[in-house]
Structures are given as structure tokens and as C-alpha cells.
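This briefing covers the fold, the sheet, the helices and the confidence of one protein chain. The sequence and the structure come first, and the notes follow by topic.

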Amino acid sequence: MEILLSELTPKEIQEIIDNSNHTSYESIKEFHDDGLLEVFPSTDDVWQGYGNDEKLTLSTGKVVLFIGG
């Protein structure tokens, strides 16, 4: 089950910016809208088919998946 970007806290957004090539919420949203970035509640919720894609686990336990990354 994917999490909507609007459900992320400012701290989580900043953590994505600090640990990726994204420099703003707008950049993250653009990738999300293009289907290149998804957020999941935990590692257990990430479909195994995404095994080769880059993952970032946030301090809150949510997982950001960079598809094709």
C-alpha cells in the first residue's frame, strides 16, 4: 500500500532531500507523479518485484522507492 506524498511530514520530506538528488518537494512530487518514486509504510510493504530499485528507509520506518534508480 503506497503512501501519498501529502501524508509525509516536513521532517520526512527533508530527509528525502538530504539523502537523494532531489532539492525540493516539487522535485520529489514530479518524480512521484511520473511514477518514478513511491513511498511505503515499511520495508514489509514494498513489493518484492522492486528488489533492484534503490530504497531509502526514513527514520520513521517509511520506505522511499526510487524506481529505476
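Two strands are taken to pair if DSSP finds at least two bridges between them. On that basis, three strands form an open, antiparallel sheet in the order β1-β3-β2. The edges of this sheet are β1 (37–40) and β2 (54–57), each of which pairs on one side only. The model is predicted, and the mean pLDDT of the protein chain is 91.

**Overall fold**

- The protein chain contains two helices and three strands, and along the sequence these follow the pattern α-α-β-β-β.
- The radius of gyration is 11 Å, close to the 11 Å that the globule rule gives for 69 residues, so the protein chain is as compact as a globular protein of that length.
- Measured terms aside, the C-alpha trace spans about 30 × 25 × 20 Å along its principal axes.
- Of the 69 residues in the protein chain, 36% are buried.
- The protein chain exposes about 4300 Å², and carbon and sulfur atoms supply 50% of that area.
- Among contacts between residues at least 6 apart in sequence, 48% join residues at least 24 apart.

**The sheet**

- Neighbouring strands of the sheet are turned by 20 degrees against each other on average, with direction ignored.
- β1 pairs with β3 (residues 63–66) in the antiparallel sense, over four bridges.
- In this pairing, L37 stands opposite F66 of β3, and E38 has L65 of β3 as its bridge partner.
- β2 and β3 also run antiparallel and are joined by four bridges.
- On the β2 side, the bridge partner of E54 in β3 is F66.
- F66 of β3 is therefore named in two pairings, opposite L37 and as the bridge partner of E54, in line with the strand order β1-β3-β2.
- β3 is covered on both faces: V63 and L65 are buried on one side, and V64 and F66 are buried on the other.
- The hairpin of β2 and β3 has five residues between the strands, and G61 in this hairpin takes a positive phi near 95 degrees.

**The helices**

- Which residues of helix α1 (residues 10–18) are buried? They are E12, I13, E15, I16 and I17.
- An α-helix has 3.6 residues a turn, so residues three or four places apart point the same way.
- The cover over the buried residues of α1 includes α2 (25–33), β2 and β3.
- K11 also lies in helix α1. Is K11 buried or exposed? K11 has a relative accessible area of 59%, and exposed means over 50%, so K11 counts as exposed.
- K11 and G51 are 40 residues apart in sequence, and their C-alpha atoms are 26 Å apart in space.

**Confidence**

- In the protein chain, 99% of the residues reach a pLDDT of 70 or more.
- Among the elements, α1 has the highest mean pLDDT, at 97, and β2 has the lowest, at 92.

How values were computed
Residues are numbered from 1 along each chain as its sequence is written. This is a predicted model: local features need pLDDT of at least 70, side-chain atom pairs count only at pLDDT 80 or more; totals for chains, interfaces and linings use all residues. Side-chain values use heavy atoms; hydrogens and water are left out. Axes are lines fitted to C-alpha atoms, for helices over the stretch in contact, and angles run from 0 to 180 degrees between N-to-C directions. The radius of gyration is taken over C-alpha atoms; the globule rule is 2.2 Å times the number of residues to the power 0.38. Buried means under 20% relative accessible area, exposed over 50%, partly exposed in between (1.4 Å probe, protein chains only). Contact means heavy atoms within 4.5 Å. Accessible areas come from the Shrake-Rupley method with a 1.4 Å probe; for residues, only the protein chains shown count as cover. pLDDT is the predictor's confidence in each residue, from 0 to 100.
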